[in-house]
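Reader: I would love a close look at one part of this model, with its surroundings filled in as you go. Please take your time over it.

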Amino acid sequence: MRDLLLVGVGGFAGAVARYRLGGAILHHTVENRFPFATFAVNLLGCLFVGLLAGWGEARAGLPSAPSPELRLLLITGFCGGFTTFSAFGLETVYLLRRDAWMVASLNVLVSVAGGIAGVWVGWRLLAAAAR
């Protein structure tokens, strides 16, 4: 139960941070066609999850290493609520670090293409149901 609360609290904070930051960026870039708000949130989420993962790796086994509870709160919760793109980025980097270039490339290709296809299919299904 404690783990669920940690993830939930982190997820809430991440979602609120995404909403606030995305809104602030959108307010300043509303005339642009490029989705700067989502782009910035995704890159910041990836930077943050990379910093957390690096902190954990550099401090593994040391008292200053992030505890499993802190990882649940910050990586799974906050970063997951802020952007799932950060998890995608982290997992892809883990694959690359293990020299699994083909799997990493497949992950990027299938995730991006599949995500776009999923949005398109969902959109079309709803449009067809509305007719």
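What span should the 23 residues of helix H2 (residues 36-58) have at 1.5 Å a residue, and how far apart are its end C-alpha atoms?

Author: Happy to walk through it with you. First, a word on the basis: this is a predicted model, in which local features need pLDDT of at least 70 and side-chain atom pairs count only at pLDDT 80 or more, while totals for chains, interfaces and linings use all residues. Residues are numbered from 1 along each chain as its sequence is written, and side-chain values use heavy atoms, with hydrogens and water left out.

Now to your helix. At 1.5 Å a residue, the 23 residues of H2 should span 33 Å, the expected span being 1.5 Å times one less than the number of residues. The end C-alpha atoms of H2 are 32 Å apart, which agrees with that value.

To place H2 in its setting, the protein chain has five helices and zero strands, running α-α-α-α-α from the N terminus on. Here helices (H or I, at least four residues) and strands (E, at least two) are DSSP runs, numbered from the N terminus. The C-alpha trace of the chain spans about 60 × 35 × 35 Å along its principal axes. Of the 131 residues, 23% count as buried; buried means under 20% relative accessible area, exposed over 50%, and partly exposed in between (1.4 Å probe, protein chains only).

Which part of H2 is hidden? Its buried residues are Ala37, Ala40, Val41, Asn42, Gly45, Val49, Leu52, Ala53 and Gly56. The cover over them includes helix H1 (2-29), helix H3 (68-82) and helix H4 (85-97). Three of those buried residues, Val49, Leu52 and Ala53, also belong to the largest nonpolar core, together with Ile75, Cys79 and Leu90. H2 gives the most to this core, with three residues. Such a core is a set of buried Ala, Val, Leu, Ile, Met, Phe, Trp, Tyr and Cys residues joined through side-chain atoms within 4.5 Å. In soluble globular proteins, nonpolar side chains tend to be buried together.

Leu52 is a good residue to zoom in on. Leaving aside neighbours within four places in sequence, Leu52 is in contact (heavy atoms within 4.5 Å) with Arg71, Leu74, Ile75 and Cys79. Across the chain, residues 24 or more positions apart account for 61% of the contacts with a separation of 6 or more.

The start of H2 has another side to it. Phe36, Phe39 and Leu43 join Phe34 in a nonpolar surface patch of about 370 Å². Such patches are made of residues with over 30% relative accessible area and no salt bridge, where like charges are joined within 9 Å and nonpolar side chains (Val, Leu, Ile, Met, Phe, Trp, Tyr) within 5 Å. Phe34 sits in the loop between H1 and H2 and is partly exposed, with a relative accessible area of 43%. For the chain, the exposed area is about 9300 Å², of which carbon and sulfur atoms supply 72%; accessible areas come from the Shrake-Rupley method with a 1.4 Å probe, and for residues only the protein chains shown count as cover.

H4, part of the cover over H2, has its own buried residues: Ser86, Phe88, Gly89, Leu90, Thr92 and Leu95. H2, H3 and helix H5 (101-130) are among what covers them. The 13 residues of H4 should span 18 Å at 1.5 Å a residue, and its end C-alpha atoms are 18 Å apart, in agreement. Beyond H4, in the loop leading to H5, lies Asp99. Its phi is near 60°, a positive value in a residue other than glycine, and Asp99 is exposed, with a relative accessible area of 57%.

Two other covering helices, H1 and H3, are tied together by charge. Arg2 forms a salt bridge with Glu69, the closest N and O atoms being 3.1 Å apart. This pair links distant parts of the chain, with Arg2 in H1 and Glu69 in H3, 67 residues apart. A salt bridge is a side-chain nitrogen of Lys or Arg within 4 Å of a carboxyl oxygen of Asp or Glu. Arg2 also meets Asp3 in this way, at 3.9 Å from N to O. Arg2 is exposed at 52% relative accessible area, while Asp3, at 38%, counts as partly exposed.
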